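User: I'm new to reading protein models. Could you take a close look at how the inside of this one is packed, and tell me which residues meet there?

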Amino acid sequence: MGLKRLQELYLMDPAKYSTLTEIVEKEVKEGTARKVDSCARAVLWLARSMDFTIALLQRLEEDTDEQSLAQLVEAAYEVSLKPWHGWISSAACKIALKLIPERKIFTSLLLGMDQDCSALKDEIEKLALLLRPLLDDIHSMMVGAASDSISRLQKFCLVLNMIRVNAWY
């Protein structure tokens, strides 16, 4: 819902809303950043999802096949998403952990044709290197939008309470 709103806002005035920062600042000024369907929340959860993805991929890259995929997913979840989930979402994640395939199956799905594990690790490292600066920019933008003014900060307190910059770097 929020990502669709991002696109709609951009299409309304591409010159005015050409960056995520402009869109988030608009919502902060209007006091709508905390709404469930806001673009700010969509950006926030997108960043958190990317944080989780990188945390998981880095664990896959670093681990020497000692842990199961479920253990790696749980460790990535603990540092990236769990702090922001309520008890219902956390309970749902615990159930979902039981449905995770074996590590070998997951790894084989990630591997391309004639690709070995070392090539996969290189690809994971490249992806993480590409995503880190983007995530750093998103985290900085969200914190910057929140600290614009005290009244806006109060309206946008979810940013300060919910974003942990570099939680797993």
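Analyst: Let's start with surface: accessible areas come from the Shrake-Rupley method with a 1.4 Å probe, and for residues only the protein chains shown count as cover. By that method, the protein chain exposes about 10,100 Å², with carbon and sulfur atoms supplying 58% of it. Please keep in mind that this is a predicted model, where local features need pLDDT of at least 70, side-chain atom pairs count only at pLDDT 80 or more, and totals for chains, interfaces and linings use all residues. Residues are numbered from 1 along each chain as its sequence is written, and side-chain values use heavy atoms, leaving out hydrogens and water.

Now the overall layout. The protein chain has nine helices and zero strands (DSSP runs numbered from the N terminus: H or I of at least four residues for helices, E of at least two for strands). The pattern along the sequence is therefore α-α-α-α-α-α-α-α-α. Of its 169 residues, 34% are buried, meaning under 20% relative accessible area, with exposed over 50% and partly exposed in between (1.4 Å probe, protein chains only). Contact here means heavy atoms within 4.5 Å. Among contacts in the protein chain with a separation of 6 or more, 64% link residues 24 or more positions apart.

Next, the core. A nonpolar core is a set of buried Ala, Val, Leu, Ile, Met, Phe, Trp, Tyr and Cys residues joined through side-chain atoms within 4.5 Å. The largest one holds 20 residues, and I23, V24, V43, I138, M141 and M142 touch the most other members. Two or more residues come from each of helix 1 (2-12), helix 2 (20-30), helix 3 (39-62) and helix 7 (117-146). Helix 3 gives the most, seven residues. V43 makes a good example: beyond its neighbours within four places in sequence, V43 is in contact with L6, L20, I138, M141 and M142. Apart from this core lies another, of 14 residues, including L56, L57, L97 and L120. In soluble globular proteins, nonpolar side chains tend to be buried together.

Let's zoom in on Y17, which sits in the loop between helix 1 and helix 2. Y17 counts as buried because its relative accessible area is 7%. Setting aside residues up to four places away in sequence, Y17 touches L9, Y10, E22, I23 and K26; among these partners, I23 is one of the core residues listed above. The side chains of Y17 and K16 share a polar contact of 3.5 Å (a pair of N or O atoms within 3.5 Å; within protein, one must be able to donate a hydrogen and the other to accept it, and residues adjacent in sequence count only if both atoms are side-chain atoms). Between the C-alpha atoms of Y17 and Q7, ten residues apart along the chain, the separation is 9.7 Å.

K26, a partner of Y17, belongs to helix 2. K26 is buried too, because its relative accessible area is 17%. Besides Y17, K26 touches L9, again not counting residues up to four places away in sequence. Further along, T32 lies in the loop between helix 2 and helix 3. T32 counts as buried at 16% relative accessibility, and with residues up to four places away left out, T32 touches R5, E27 and S38.

For a contrast, look at K121 in helix 7. K121 is partly exposed, with a relative accessible area of 32%. Leaving aside neighbours within four places in sequence, K121 is in contact with L60, E61 and D63. The K121 side chain also reaches the backbone oxygen of E61 at 3.2 Å. The C-alpha atoms of K121 and L111, ten residues apart along the chain, lie 9.9 Å from each other.

L60 brings us to one last feature: of the 13 residues lining the largest pocket, the closest to its centre are L60, D65, R103, T107 and C117. Helix 3, helix 6 (103-110) and helix 7 each supply at least two residues of that lining.

Key: 1 Å grid on protein atoms, 1.4 Å probe; cavity = no way out; pocket = protein on both sides within 12 Å on 5 of 7 lines; lining within 4 Å.
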